[in-house]
Amino acid sequence: MTLVATTMADARTASRLLPATLTRGRWLSTIAALTGVSLVTLLICLQIGLERIGLADLMAMVMRLVRQEAAPDGAATAQLIVVHIRLPRILLGFLVGGCLAAVGVGLQALLRNPLADPYVLGISSGASVGAAIAVVLHLVPAVVPVCAFGGGLLVLLVLYRLAVSCGPLAVHTLLLGGVIVSALCSALIMFVTSLVDPARAFQIIAWLMGTLSAPDYATMGWLALCLALGLGLLFRHAHALNLLTTGEESARSMGVDVERVKRQVFVVTALLVGVVVSVSGLIGFVGMVVPHAVRMVVGADHRLLLPAAGLVGGALLVVADTVARVILLPAELPVGIVTALIGAPVFLYLLMTRKGGLA
Amino acid sequence: MSAMTVERVPAYRISDLRFAYGSDASNHPAVTDMRCEIAQGEIVGLLGPNGSGKSTVLKLLAGLLMPQDGGVHIYDRPLAHLPPDELARAVAFVPQQQPAWFPFTIAEVVLMGRFPHHRARGGWLGFGWETREDLCQAEAAMEIMDVMHLAGRSIDDVSGGERQRALIARALAQAPAILLLDEPTAFLDLSHQVEICQALRRLHDDRGLTVVWASHDLNLASQYCDRLLLLDRGSVARIGTPAEVLRSDLITSVYGCPVLVDAHPVSGVPRVTLPGQAVSGAR
């Protein structure tokens, strides 16, 4: 049965729905605007630090790098700071923030809960246990993300088993399971750190607080590739995630292969969280606050929400990290503390004002 | 109407259906020994007291639950073998009222019904942009359900009745041959109840839409359904025309409550009322 026969004449009447829906034009203009804002943010943050480096100096640096000239004596230190310390750190912050926000969007859709994020489910904790074990055992650095992925995936599998045994992936079982798994993981981390010498234990604790330390460009390349693949897989299901927010049964009745989408989104989530945790430790609340705020502005359609939250999350974490870098000069704060100080009150506020709380 | 509905095979053939919740075989089954056929273009009302299995039967017909025994054939094809998107183009399901967690606009909600029609689904980043046809179908569905003026409103700040109508419009946007509804009129005022029933009746008359509709409202079902299926603790107590099913002895025993059945003064269909008591003091 079709309700109407479509003709060319209908094109004009159909436009009545367009203001209320996501169109390609709105998608492109929103993404373009957010990309511009993000770039400007990165550029501003690049100038800020112990050594203030102006826009003109940055331009001169770019010109020198393009022409492959050596920097004059006065500017050599500044160039070293920008190219090898500040820029990689800012790029890392952008990647990490973007991934956390996108993963948050995906989890919130699957759990139909705008307050879910990788921390609520204990995925980050699981990943941090995996990474901590790898660090304590003195494994080569390349193995750390793999162990973190393993830890995150293990948590997801445990939750999945738990939820499947109580019916088709019951949402509340999953949330409650996440809380318990987080507690278990904290205990495991404390156990691991108590085994090693105090200096090493302090290192692990500092990493757990969430710090962005600049990797070299080759590592960054691999990281970017890994995260891009994960995000691509997540975006592939953007349309299905829209339907999943209305409930699993109703999504299935509209033709979504619910179990397959759920499985893939969970695995991608574990992958992204594993990689992110292994390079930056536990950075909380970006995955919850950013999707929530972006949704209020651009609407709930995941085709726009996912990339928009990614851009905003990236820019926001870079800003938070810049604050962490400069607020106690010459000392630095872990960025995780800054995001928690901003994010936790927002979380509480949302919890109190939301109709029906977490239910 | 899709190609597979052309022959006059029954829309549904239900044979020896048995379903119990949970894996425990000793569980009291929610549906047992159910067998019946539903013809194309029929409006069937699914009646029965709370817990009699109305919702379960609807979910079995929608392919959301898989029976432990027996089977459901849709246009003579086993429902269990249909891929999800093909099933969704043939059957649309309107669930009972559920909360909305995300601020989609009504237009976006209705357009979700076009999902099984997107050829490009799962293609480039799964974007599946709406085509002109999607927009036209969604708009027609919204006109039928009288929610066009709500297009830009968020689903979480419209009334329960408006949301219900939007969900029915979403199901119609799927352009199904069969529409399953779980208590669609429960949250609606009288005029919108009648509006929805008449809209369904019109879709049935004009386009041969098959409707299976679970309801607690015996009189609404009596007025708008071709046949009624009365469920009693998971099995069929009676299936037939409203006159055959709505009999005071049967309704009294199934619902455990004495009722009066007479003829509707205008349409002549059976009318079920509670016997009532004289209010003390009224002379």
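A residue is called buried here if 20 or more other C-beta atoms lie within 10 Å of its own, exposed if 12 or fewer, and partly exposed in between, with C-beta atoms placed from the backbone. Keep that in mind for B:Glu183, which counts as buried because it has 20 C-beta neighbours inside 10 Å.

Before clicking on, some housekeeping. This is a predicted model, in which local features need pLDDT of at least 70 and side-chain atom pairs count only at pLDDT 80 or more, while totals for chains, interfaces and linings use all residues. Residues are numbered from 1 along each chain as its sequence is written, and chains are lettered from A, with ligands numbered from 1, in the order in which they are written.

**Stop 1: chain B, coloured by confidence**

The model as a whole scores ipTM 0.85 and pTM 0.86. Now colour chain B by pLDDT, the predictor's confidence in each residue, from 0 to 100. Its mean is 85, and 89% of the residues of chain B reach 70 or more. Select residues 1-5 of chain B: the pLDDT there is below 50, though this stretch has 10 contacts in the model beyond near neighbours in sequence. A contact means that the C-beta atoms of two residues, placed from the backbone, lie within 7 Å. Where pLDDT is low, the predicted coordinates should not be read in detail.

Switch to cartoon and you should find nine helices and 12 strands in chain B. Helices (H or I, at least four residues) and strands (E, at least two) are DSSP runs, numbered from the N terminus. Of the 283 residues in chain B, 46% are buried. Take the contacts in chain B between residues at least 6 apart in sequence: 68% of them join residues at least 24 apart.

**Stop 2: two positive phi values in chain B**

Most residues other than glycine have a negative phi. Which phi does B:Asp76 have? A positive one, about 65°, although B:Asp76 is not a glycine. Look for B:Asp76 in the loop between strand E4 (69-74) and strand E5 (77-78) of chain B. With 11 other C-beta atoms within 10 Å, B:Asp76 is exposed.

Next, go back to B:Glu183, where phi is near 45°, again positive in a residue other than glycine. B:Glu183 sits in the loop between strand E7 (178-182) and helix H6 (190-207) of chain B.

**Stop 3: where the chains meet**

Show both chains. The contact takes 42 residues from chain A and 49 residues from chain B. On the chain A side, the elements giving two or more residues are helix H1 (10-14), helix H9 (217-236), helix H10 (238-244) and helix H11 (248-253). Which of them gives the most? H10(A), with five residues. By class, the chain A side divides into 16 nonpolar, 15 polar and 11 charged residues. Ala, Val, Leu, Ile, Met, Phe, Trp, Tyr, Cys and Pro count as nonpolar, Asp, Glu, Lys and Arg as charged, and the others, Gly among them, as polar.

**Stop 4: H9(A) against H12(A)**

Stay with H9(A) and add helix H12 (residues 258-280) of chain A: the two axes come within 9 Å and cross at roughly 155°. That makes H9(A) roughly antiparallel to H12(A). Axes are lines fitted to C-alpha atoms, for helices over the stretch in contact, and angles run from 0 to 180 degrees between N-to-C directions. Under 35 degrees counts as roughly parallel, over 145 as roughly antiparallel, 65 to 115 as roughly perpendicular and the rest as oblique.

Show side chains for the contact; among them are A:Leu223, A:Cys226 and A:Leu227 of H9(A) and A:Val268, A:Leu271 and A:Leu272 of H12(A). The contact of H9(A) with H12(A) has 11 nonpolar, two polar and no charged residues.

**Stop 5: H14(A) and two partners**

Select helix H2 (residues 24-47) of chain A with H14(A); they pack at about 10°, their axes 10 Å apart. H2(A) is therefore roughly parallel to H14(A). Their contact includes A:Trp27 and A:Ile31 of H2(A) and A:Pro307 and A:Leu311 of H14(A).

Swap H2(A) for helix H4 (residues 73-111) of chain A. Its axis and that of H14 (residues 302-326) come within 6 Å and cross at roughly 140°, so H4(A) and H14(A) are oblique to each other. Here the contact has 17 nonpolar, seven polar and two charged residues.

**Last stop: A:Leu159**

Find A:Leu159 in helix H6 (residues 143-164) of chain A. Buried or exposed? A:Leu159 is buried, with 24 C-beta neighbours inside 10 Å. Add A:Ile123, 36 residues apart from A:Leu159 along the chain: their C-alpha atoms are separated by 9.8 Å.
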